[in-house]
Amino acid sequence: MKGTIYKSTGSWYTVKTDDGKFYTCRIKGKFRIKGIKSTNPIAVGDVVGFKIEQLGDETIGVISEIEDRKNYIIRKSVNLSKQTHIIAANLDQVFLLVTLNNPTTYTSFIDRFLVTSEAYEIPVILLFNKMDTYTAEQSVDIQYLMTLYESIGYRCLELSAKNGDNVAKVKAMMLGKTSMFSGHSGVGKSTLVNAIEPQLELKTSAISEQHLQGQHTTTFAEMYDLSFDARIVDTPGIKGFGIVDMERQEIGDYFPEFFNLKQDCKFNNCLHLDEPKCAVKMALEENKLPWSRYRSYVQMIEGDEENYRVNNYDPK
């Protein structure tokens with residue numbers, strides 16, 4: 001039998017077959033020794049083959065194969081373990097929710113997420129949420145960030161999931177697609193999903209006043225079929241986003257605005273650091289490229305996984 005992973009708890013998987021039936025499955029042990037370095041060899045969105053076994057009164061599926069993925073989002077845990085984790089697979093697009101504060105989404109986090117998405121050719125839409133909570137000055141900062149990322153080619157949308165502003169536009173973008181919702185804890189992912197599909201009734205929680213961070217209301221990634229020909233993957237809040245399996249020479253290729261200038265650099269293997277006649281550095285000096293993006297790039301090149309969560313955004 002074949003089906004799609006709808007939920008993964010790390011040891012048990014919920015699999016949906018083409019005829020709409022759900023099965024609780026476990027993984028066959030050999031998957032853990034097939035050279036897959038991730039903490040989760042199978043992720044939500046994966047298409048798998050499985051067999052049914054009868055354990056007493058229970059019917060259990062045993063996953064024996066996984067089909068090739070068209071793409072996936074993978075991150076390195078920013079902690080001592082340095083383990084990698086596949087967030088979801090076989091996606092049509094990702095909505096990355098961004099908030100200016102409560103909690104703060106730094107450009108360094110956005111850029112790391114975008115680089116990984118570029119590497120696996122997954123379109124990303126940036127949703128600037130909680131617009132109903134910002135002051136006039138903060139709204140100007142949001143406009144700056146939207147202009148910055150739109151100039152690179154990313155679609156951006158102002159949003160208030162709580163008030164329902166622009167939720168219909170998000171819904172329209174989701175039609176016929178499998179979309180993942182991601183971002184820090186507390187940016188409003190579950191609130192947005194509930195606004196899109198109220199009957200799901202996903203848990204939401206208030207921001208911690210002490211730390212101005214969200215509480216983890218989603219424990220495991222889970223996919224949902226929606227009532228309007230769409231599927232979503234709701235994910236746990238991500239605190240850090242370490243990039244995985246990228247050579248220094250290729251990171252710049254996943255910054256579209258750098259890649260577009262690469263042919264104008266003196267050296268075809270230019271890392272845009274200290275090389276002479278670097279088109280990227282010249283564009284930066286002429287303020288034709290955003291410095292926040294370049295700072296993110298340098299941190300990735302230098303492999304600074306522990307200390308990148310600083311404010312790379314400076315509108316001045």
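## Accessibility and the basis of the model

A residue is called buried when its relative accessible area is under 20%, exposed when that area is over 50%, and partly exposed in between. Lys2, with a relative accessible area of 44%, is therefore partly exposed. The structure described here is a predicted model.

## Strand β1 and its partners

Lys2 belongs to strand β1, which covers residues 2-8. Of the 7 residues of β1, 5 are buried, so the strand is largely enclosed by the rest of the structure. Strand β1 pairs with two strands considered here. With β4 (residues 47-55) the pairing is antiparallel and comprises 3 bridges; within it, Gly3 has Val48 as its bridge partner.

The pairing of β1 with β2 is likewise antiparallel and comprises 5 bridges. Lys7 stands opposite Thr14 of β2. These two strands form a hairpin with 3 residues between them, in which Gly10 adopts a positive phi near 100°.

## Salt bridges across the chain

The whole structure contains 10 salt bridges. One of them joins Lys2 to Glu67, with the closest N and O atoms 2.5 Å apart. Glu67 lies in the loop between β5 (58-66) and β6 (72-76), whereas Lys2 is in β1, so the pair ties together parts that are 65 residues apart in sequence. Glu67 is partly exposed, at 31% relative accessibility.

A second salt bridge connects the side chains of Asp225 and Lys16, at 2.5 Å from N to O. Asp225 is in strand β12 and Lys16 in strand β2 (residues 12-17), so this pair links parts that are 209 residues apart in sequence. Asp225 counts as partly exposed at 32% relative accessibility, while Lys16 counts as buried at 19%.

Asp92 and Lys70 also meet through their side chains in a salt bridge, at 2.7 Å from N to O. Asp92 is placed in the loop between β7 (84-89) and β8 (93-98), and Lys70 in the loop between β5 and β6; the two residues are 22 residues apart and the pair links distant parts of the chain. Asp92 is partly exposed, with a relative accessible area of 28%, whereas Lys70 is exposed, at 54%. In addition, Asp111, Glu257 and Arg293 are linked in a network of salt bridges.

## Helix α1 and its surroundings

Asp111 is one of the buried residues of helix α1. This helix has 13 residues (107-119), which at 1.5 Å a residue should span 18 Å; the separation of its end C-alpha atoms is 18 Å, in agreement with that expectation. Of these 13 residues, 11 are buried, so α1 is largely enclosed by the rest of the structure. The buried set includes nonpolar residues such as Phe109, Ile110, Phe113, Leu114 and Val115, together with others including Thr107, Ser108 and Arg112.

The elements covering the buried residues of α1 include the strands β6, β8, β9 (124-128) and β11 (178-182), and the helices α2 and α8 (291-301). Just after α1, Glu121 takes a positive phi of about 55°.

## Nonpolar cores

In soluble globular proteins, nonpolar side chains tend to be buried together. In this model the largest nonpolar core has 44 residues, and those with the most contacts inside it are Ile63, Leu126, Tyr149 and Met180. Helix α2 (residues 136-152) supplies the largest share of this core, with 6 residues.

Leaving aside neighbours within four places in sequence, Tyr149 is in contact with Thr107, Ile110, Asp111 and Leu114, and also with Leu126, Tyr154, Cys156 and Arg293. The contacts of Tyr149 thus include Asp111 and Arg293, both of which take part in the salt-bridge network with Glu257. Apart from the largest core lies another, of 22 residues, among them Leu97, Ala161, Ile196 and Phe228.

## The environment of Glu197

Glu197 is located in the loop between α4 (189-196) and β12 (222-225). With a relative accessible area of 4%, Glu197 falls under the 20% cut-off and is therefore buried. Residues up to four places away in sequence being left out, Glu197 touches Leu226 and Ser227.

The C-alpha atom of Glu197 is separated by 9.9 Å from that of Asp225, and the two residues are 28 residues apart along the chain. Asp225 is also the residue whose side chain meets that of Lys16 in a salt bridge.

Conventions. Residues are numbered from 1 along each chain as its sequence is written. This is a predicted model: local features need pLDDT of at least 70, side-chain atom pairs count only at pLDDT 80 or more; totals for chains, interfaces and linings use all residues. Side-chain values use heavy atoms; hydrogens and water are left out. Helices (H or I, at least four residues) and strands (E, at least two) are DSSP runs, numbered from the N terminus. Buried means under 20% relative accessible area, exposed over 50%, partly exposed in between (1.4 Å probe, protein chains only). Contact means heavy atoms within 4.5 Å. A nonpolar core is a set of buried Ala, Val, Leu, Ile, Met, Phe, Trp, Tyr and Cys residues joined through side-chain atoms within 4.5 Å. A salt bridge is a side-chain nitrogen of Lys or Arg within 4 Å of a carboxyl oxygen of Asp or Glu. Two strands pair if DSSP finds at least two bridges between them. The expected span of a helix is 1.5 Å times one less than its number of residues.
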